[in-house]
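Me: I would like to go through this structure with you, starting with a loop and then turning to helix packing. Could you begin with the terms we need?

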Amino acid sequence: MTPKEIIDLIKAKNIEILDLKFQDFPGTWQHFSIPVSQAVPEIFDEGLGFDGSSIRGWQAIHASDMMVVPDPVTAVIDPFTECPTLSLICNIVDPVTREQYSRDPRYVAVKAENYLKSSGIGDVAYFGPEAEFFIFDGIRFDQNAHEAYYHVESAEGVWDSGSDNGPNLGYKPRHKEGYFPVPPTDSQQDIRTEMILEMEKAGIVVEKHHHEVATAGQAEIDLLYDSLTRMADKMMMYKYIVKNVALRHGKTVTFMPKPLFGDNGSGMHTHQSIWKGGQPLFAGDKYAGVSDLCLWYIGGILKHAPALCAFVAPTTNSYKRLVPGFEAPVNLAYSSRNRSASIRIPVYSPSPKAKRIEVRFPDPSCNPYLAFAAMLMAGLDGIMNKLNPGDPFDKNLYDLPPEELAKVPSCPASLEAALDALEKDHEFLFKGNVFTRDVVETWLEYKRTKECDPIRLRPHPYEFALYYDA
């Protein structure tokens, strides 16, 4: 859409409010709203001011003035507001220099796409994430000087099988048996359907939805691939829709990678490919029907995977999911069809257009703009340096004998280790000025001081079981 088309849409749909959304540094949507009387075409060039010092990871208070500039391409009628509201995703601009803000995650994604084009390798990178999440009936948590707890409420949770709070009708997915059961065991079919219908109204093409492996309402909704920045935009709207539809039903959604002990966590397997001139570049005559360029891209992802984890698995909770020997694909290897490898080459279709790779260690707590951009930069580094990914693994990596498994590298064991890897390996991100030193240094500082240190300072409840009688 153009600014003029936005004005026409406002009149046609009797829109009364414009809601201006943008993403903070860690990856959460923020917003403010204006009446349509202020929706003059100039705001799409000049923008509107806000306080950047109040946004996580952004400006210092002595340089707080920032501008949002709405992107008309992102216009969507908000399905959750009483008053007719048009939602627009914004870019962030410095009011003094009029340059786009280096710590705006969306700007990093745009620069990654521009770098791909300038490299001559391709003209579009397609991403297709498969985000998993939990739909709970309630959640309580707290931590203070003398206690720490969380309590998940789910009528679908297998632990609720013995409850006498009202009629207990059974039909609860057992641990690790939640994949594809029909209702009534799948109690959330209608909620997920409502979610995808709202996504379709917002211009997001959905491939499928289903119950996932875990008990207690684990779900997955898969989106049709799109270009990097637009898919990151869609992932933000995806989260917004999923959470608000759940709220309509008196339920709550979390994209935490590992909210339950003893069952599967939530990943975000991310399909990706590069095209040029309308032709797929990952199809070829090598292993699993891929090209040399695709194998080099895989080589780049594998080489930089420890550093990538700082962006694609960016929470301390991520590493409760990425544990060797359990369900998550932590082994840094590639394979065809093999879901125990961290990179899989799907073989569902013989069409060259379907040829892609699936990176399996990311999770949905990530900032999609930064995560997609970082993976593209790693893959492009692999292509430019013709990095050989080694031999594929066509056997179950979970069942390898210890001496053989020791030869396969794995993801970092903690967020601290991932941040250390990023500190040592980040030059590939700086090409084309896609990620700046300011972005990487701020990310490292924020994650260490706001997340790693607070977790390290607090005793864990299970430590009392292990050590109280020491």
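Reply: Helices here are DSSP runs of H or I with at least four residues, strands are runs of E with at least two, and both are numbered from the N terminus. Please note that the model is predicted.

Me: Where is the place of D160?

Reply: D160 sits in the loop that links strand 9 (148-153) to helix 4 (189-201).

Me: Is D160 exposed, partly exposed or buried?

Reply: D160 has a relative accessibility of 22%, so it counts as partly exposed; the class of buried residues is reserved for values under 20%.

Me: Which residues does D160 touch, leaving out those up to four places away in sequence?

Reply: With those left out, D160 touches S154, A155, N168 and K172. The C-alpha atoms of D160 and K172 are 8.2 Å apart, and the two residues are twelve apart in sequence.

Me: What about P184, where is it found?

Reply: P184 is also in the loop between strand 9 and helix 4. The peptide bond leading from P183 to P184 is cis, with omega near 10°. As background, most peptide bonds are trans, and most residues other than glycine have a negative phi.

Me: Which residue that is not a glycine has a positive phi of about 55°?

Reply: That is N14, found in the loop between helix 1 (3-12) and strand 1 (17-23). N14 counts as exposed, at 57% relative accessibility. K386 has a positive phi as well, near 45°. K386 lies in the loop between helix 8 (368-384) and helix 9 (402-405) and is exposed, with a relative accessible area of 56%.

Me: On to the helices. How do the axes of helix 6 and helix 10 cross?

Reply: The axes of helix 6 (residues 292-312) and helix 10 (residues 415-424) come within 7 Å and cross at roughly 120°. The two helices are therefore oblique to each other. Helix 6 passes helix 10 in a left-handed crossing.

Me: Which residues meet there?

Reply: On helix 6 they are P306, A307, C309, A310 and F311, and on helix 10 they are A418, L419, A421 and L422. By class, this contact of helix 6 with helix 10 has nine nonpolar residues, with no polar and no charged ones.

Me: Which residues of helix 10 are buried?

Reply: They are L415, A418, L419, A421 and L422. These residues cover an arc of only 155° around the axis, which puts them on the same side of helix 10. Their cover includes helix 6, helix 7 (318-321), helix 11 (427-430) and helix 12 (437-457).

Me: How does helix 10 pass helix 12?

Reply: Helix 10 passes helix 12 in a left-handed crossing. The axes of helix 10 and helix 12 come within 10 Å and cross at roughly 160°. Angles over 145 degrees count as roughly antiparallel, and helix 10 and helix 12 are therefore roughly antiparallel to each other.

Me: And which residues of helix 10 meet helix 12?

Reply: L415, E416, L419, D420, L422 and E423 in helix 10 do so; among their partners in helix 12 are W443, K447 and R448. The residues of this contact divide into seven nonpolar, no polar and seven charged.

Me: Last pair: at what angle do the axes of helix 3 and helix 5 cross?

Reply: The axes of helix 3 (residues 105-119) and helix 5 (residues 228-248) cross at roughly 155° and come within 8 Å. Helix 3 and helix 5 are therefore roughly antiparallel to each other. R106, A109, V110, A112 and E113 of helix 3 make the contact with L228, T229 and D233 of helix 5.

How values were computed
Residues are numbered from 1 along each chain as its sequence is written. This is a predicted model: local features need pLDDT of at least 70, side-chain atom pairs count only at pLDDT 80 or more; totals for chains, interfaces and linings use all residues. Side-chain values use heavy atoms; hydrogens and water are left out. Axes are lines fitted to C-alpha atoms, for helices over the stretch in contact, and angles run from 0 to 180 degrees between N-to-C directions. Angles under 35 degrees count as roughly parallel, over 145 as roughly antiparallel, 65 to 115 as roughly perpendicular and the rest as oblique. A crossing is left-handed if the near helix is turned anticlockwise from the far one by less than a right angle, and right-handed if clockwise. Contact means heavy atoms within 4.5 Å. Ala, Val, Leu, Ile, Met, Phe, Trp, Tyr, Cys and Pro count as nonpolar, Asp, Glu, Lys and Arg as charged, and the others, Gly among them, as polar. Buried means under 20% relative accessible area, exposed over 50%, partly exposed in between (1.4 Å probe, protein chains only). The arc is that of the directions from the helix axis to the C-beta atoms.
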